[in-house]
Amino acid sequence: MAVQKRANQADIAERLGVSVSTVSRALANEIGISDAVRRDVQRMARSLGYKSKHINGPAGGDKRALALVPLGSATSGLSGFYFGIVEGMRQQAAEAGMVLDVRLVNDQLVTLDMVNKLIEQADAGGLLLAGIDAWDALAAWSASQDIPVVLVNGSDPSMRISSVSPANFYGAYLATQRLLDAGHRRILHYTHRYRPTILQRQRGFEAAIAATPGAEGIIVNTAERQTRDLLADLLAGKHDVTALFSWNDIAAVEMLEGIYALDSSLPAGFSIIGFDDLPLAGMATPRLSTIRVNREAIGRGAVRLLGQHMEGETAVQQLQIGVSMVAGETVFAAIPSPV
């Protein structure tokens, strides 16, 4: 059997239409070579499997990456969610020999100038954006600077930037189906502003409702009614529903506590299910029924995917991490209405 030829600098030069001398100087990070040529040479070297001490990172050493995590989420009720993701990112980075610089930022104030500055400070060759959505200028910058970006707990519908997220559509379908299996036919979905990931949860809810004859779904957005307002509406019988699927556990637990703190006039068997399985879901009394998101797996997957892009992979990928049901104690069999 023929032995496969090992790639050399001449192979790289031939593929790119440049001289072997140019390839050698680009791989050694010597002066006099443009950044564009250097990136093309190093990318081709990685794709051909050429081994060189010069193509592992910005300075020939470990790969370096920057992770931006939203400060508000890290210090609020979502802290458990992003803490798990960051732990997963750090574990995977350590295993991969990647230096990961984690920075807390105000996600409402993230700009391209800020990203550029932080990338330079960290000397990073890749960027992880946790809970921060892509925008046009960022996608263009990533392509022009050859700095790969991965959205963590996010998704880019335009498929310009790779992402890792929980299976939001199927998780929401699973949650809604559980309520339907318990006999509920008028179900309210409480949702939030339309990030692509949250919109997928709404679509999963709508799909489950549409697949069940006689079922009716009502959708209320936080932009229309805050949690306390929606609770007052439910207690007043405004929506005439017997179950609620909340876009996350925080709103679900707030609703649950409000119901049990008041002399509830909700129908017998009124059920609530959340999403994420945050620590507070397990602390709630009764224990909240919810959808568990493997946050550490999201973090690990994001670092693996970023590493692939830093090694030359150019295909945009959308990785979904599977979710699972947490039975909890807040889903009950629907009580038939008296005839």
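Reader: What makes strand 8 and strand 9 partners in a sheet?

Author: Two strands count as paired if DSSP finds at least two bridges between them, and here 3 bridges join strand 8 to strand 9, so the criterion is met. The two run parallel, and within strand 9 the bridge partner of L244 is I272. Strands themselves are DSSP runs of E with at least two residues, and helices are runs of H or I with at least four, both numbered from the N terminus. This is a predicted model, in which local features need pLDDT of at least 70 and side-chain atom pairs count only at pLDDT 80 or more, whereas totals for chains, interfaces and linings use all residues. Residues are numbered from 1 along each chain as its sequence is written, and side-chain values use heavy atoms, with hydrogens and water left out.

Reader: Which strands are at the edges of that sheet, and how do you know?

Author: The sheet is open, with 4 strands in the order 7-6-8-9 and parallel pairing. Strand 7 and strand 9 (271-273) are the edge strands, as each pairs on one side only. From one strand to the next the twist averages 20 degrees.

Reader: Which strands does helix 10 lie across, and at what angle does the helix run to strand 6?

Author: Helix 10 (residues 227-235) lies across strand 6, strand 7 and strand 8, where contact means heavy atoms within 4.5 Å. The helix runs at about 165 degrees to strand 6, an angle taken between N-to-C directions on a range from 0 to 180 degrees, with axes fitted to C-alpha atoms and, for helices, over the stretch in contact. Helix 11 (residues 249-261) also packs on this sheet, touching strand 6, strand 8 and strand 9, and its direction makes about 155 degrees with that of strand 9.

Reader: What makes the contact between R186 and E216 a salt bridge?

Author: The term requires a side-chain nitrogen of Lys or Arg within 4 Å of a carboxyl oxygen of Asp or Glu, and the N to O distance between these side chains is 2.6 Å, so the pair qualifies. R186 lies in strand 6 (residues 186-191) and E216 in strand 7 (residues 216-221), so the salt bridge ties together parts that are 30 residues apart in sequence. The structure holds 11 salt bridges.

Reader: Why is R186 described as it is, buried, partly exposed or exposed?

Author: Buried means under 20% relative accessible area, exposed means over 50%, and partly exposed is what lies in between, with a 1.4 Å probe and protein chains only. R186, at 26%, is therefore partly exposed, and E216, at 40%, is also partly exposed.

Reader: What links D136, D156 and R160?

Author: These residues are linked in a network of salt bridges. One of its pairs is R160 with D156, whose side chains meet at 3.1 Å, N to O. R160 is partly exposed at 32%, whereas D156, at 2%, counts as buried.

Reader: Why is the aromatic pair of F169 and Y170 called stacked, tilted or edge-to-face?

Author: The structure holds 4 aromatic pairs. For F169 and Y170 the ring centres are 5.0 Å apart and the planes stand at 80 degrees, so the pair is edge-to-face. The rule is that rings of Phe, Tyr and Trp (its six-membered ring) pair if their centres lie within 6.5 Å, with planes under 30 degrees apart counted as stacked, over 60 as edge-to-face and the rest as tilted. F169 is partly exposed at 24%, while Y170, at 57%, counts as exposed.

Reader: How do you know which class F205 and F245 belong to?

Author: Their centres are 6.4 Å apart and their planes 40 degrees apart, which makes the pair tilted. F205 lies in helix 9 (residues 196-210) and F245 in strand 8 (residues 243-246), so the pair ties together parts that are 40 residues apart in sequence. F205 counts as buried at 1%, and F245 as buried at 0%. Together with F275 they form one aromatic cluster.

Reader: Where does R201 lie relative to F275?

Author: R201 lies over the face of the F275 ring, at 3.7 Å from the ring centre. The term asks for NZ of Lys or CZ of Arg within 6 Å of the ring centre and within 35 degrees of the ring normal.
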